[in-house]
Amino acid sequence: MIESGRPRLRRRNGRGRLVRLSPVILTIVIASLAYATPPEMAFSRLLPAAPALAAAMWPVLPTVLLGTVCLLLMIGLSLVFPDLGTWWTAAGIIAVTVAAAYGSHVRLQRERTLFQVRLVADAAQQVVLSPMPRRFGNIEIESLYLAAAAEARIGGDFYEVVDTPYGVRLLIGDVRGKGLPAVGAAAAIVNAFREAAYGETDLVDVARRLDASSTRYNAAFPPDGPMERFATALLVEIPHEGRRIGILNCGHPPPLLLNRRELRVLEPATPSPLLSLAELIGDHYTTDTFDFAPGDLLLLYTDGIAEARARDGEFFPLAAWMRRQPPTPPRELLAALHGDLLRYTRGRLDDDIAALAVRLREP
């Protein structure tokens, strides 16, 4: 992955430098055409386009300097071609340069504001999606997060993994909605899980703590519109010594378990209520247990993966894709999933996605 990305990075940097130099290239091309062609063609009248283009990518001072160069070039061309209409074009260069300098100043201010907003988004991401160790004893874990929008850093999807006296406990889920309210609801659930996972011996009690935290957050910050804000969640407990895992599913897509090319969809026997809905439909949570042998691969994911669509509207065939995967470390599995998702959707994700891949190493 790292090695194959370096040539692409160099090509991308080369294209970026070429784009940044495009105002200079445009100036040279226009001046050359103005000098090499008859005065009647008047290519010199295009010189104001160069500082206008520079305003889109350069700071104020280089933009003004390029406008000055264009003005000097226009004066030089007037010495070679006296009937070139120098003063009209020179006035146009001055006017466009002044406007371009102001436009560059406004653009830089907006970029600084966007940079500050992204710093805040990064801080929020550290709260909801904090970095996690890749190993917990003989358990390997890797995470994946992709935002639907290229500018976004985080959405309503969340996950967490903690090592507790009762085993390694995992959480993955998805808050209904988008934007900062969804991020806040996700943070409330994740923070509650970090505390409850250590303090509660049973996953059912952990789920009740998450529901209570989510309900309190929604009461303090009511959702906009008539629809209630709720969250799906999946809790997994992997005991340190055992080879069976416990799964409590609160309306979340069921995890996939790959064992020697045999794929199991770990559906709950009795679905548990979604978070924030226990007061309406009761808090009857149930935990299912499944075999989890060394070498098995467990994939937890949000609905953004299962509902990713190709251009023809077909959903991403996650189960069939998982069945084709060879025995591989979690990091390689999620790297392959990442690449295949982007290829399948042509880089157009309709929803945020999150995933956790877990493997029990051989003793």
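User: Which helix holds alanine 34?
Analyst: This is a predicted model. Residues 22-36 form one helix, and alanine 34 has its place there. The element is helix 2.

User: Is alanine 34 buried or exposed?
Analyst: The cut-off for buried is under 20% relative accessible area. Alanine 34 has 7% relative accessibility, so the residue counts as buried.

User: Which residues does alanine 34 touch, not counting residues up to four places away in sequence?
Analyst: A contact needs heavy atoms within 4.5 Å. With residues up to four places away in sequence set aside, the list has these names: Phe43, Ser44, Leu77 and Phe81.

User: What separates the C-alpha atoms of alanine 34 and leucine 47?
Analyst: Along the chain, alanine 34 and leucine 47 are 13 residues apart. In space, their C-alpha atoms are separated by 9.6 Å.

User: How many helices and strands are there in the chain?
Analyst: Helix 2, the home of alanine 34, is one of the helices. The chain has 11 helices and 11 strands.

User: What is the strand order in the open sheet of 6 strands?
Analyst: The pairing in this sheet is antiparallel. Strand 10 and strand 11 are an example, joined by 5 bridges. The order is 1-2-11-10-7-8.

User: Why is one side of strand 1 and of strand 8 left without a neighbour in the sheet?
Analyst: Strand 1 covers 135-136 and strand 8 covers 262-265. Each has a single partner strand, so one side has no neighbour in the sheet. The reason is their place: both stand at the edges.

User: Which residue in strand 11 is the bridge partner of leucine 298?
Analyst: Strand 10 spans residues 297-301, and strand 11 spans residues 353-360. The two run antiparallel. The partner of leucine 298 in strand 11 is valine 358.

User: At what angle does helix 11 run to strand 2?
Analyst: Helix 11 is made of residues 330-344. This helix lies across strand 2, strand 10 and strand 11. Its angle to strand 2 is about 20°.

User: How many disulfides does a search of the whole structure find?
Analyst: A disulfide is a covalent bond between the sulfur atoms of two cysteines. Cysteine 70 is buried at 0% relative accessibility. Cysteine 250 is buried too, with a relative accessible area of 0%. For disulfides, the search of the whole structure gives 0.

User: What share of the 363 residues in the chain is buried?
Analyst: Alanine 34 counts as buried. So does cysteine 70. Across the 363 residues, the buried share is 45%.

Note on methods: Residues are numbered from 1 along each chain as its sequence is written. This is a predicted model: local features need pLDDT of at least 70, side-chain atom pairs count only at pLDDT 80 or more; totals for chains, interfaces and linings use all residues. Side-chain values use heavy atoms; hydrogens and water are left out. Helices (H or I, at least four residues) and strands (E, at least two) are DSSP runs, numbered from the N terminus. Buried means under 20% relative accessible area, exposed over 50%, partly exposed in between (1.4 Å probe, protein chains only). A disulfide is a pair of cysteine sulfur atoms within 2.5 Å. Two strands pair if DSSP finds at least two bridges between them. Axes are lines fitted to C-alpha atoms, for helices over the stretch in contact, and angles run from 0 to 180 degrees between N-to-C directions.
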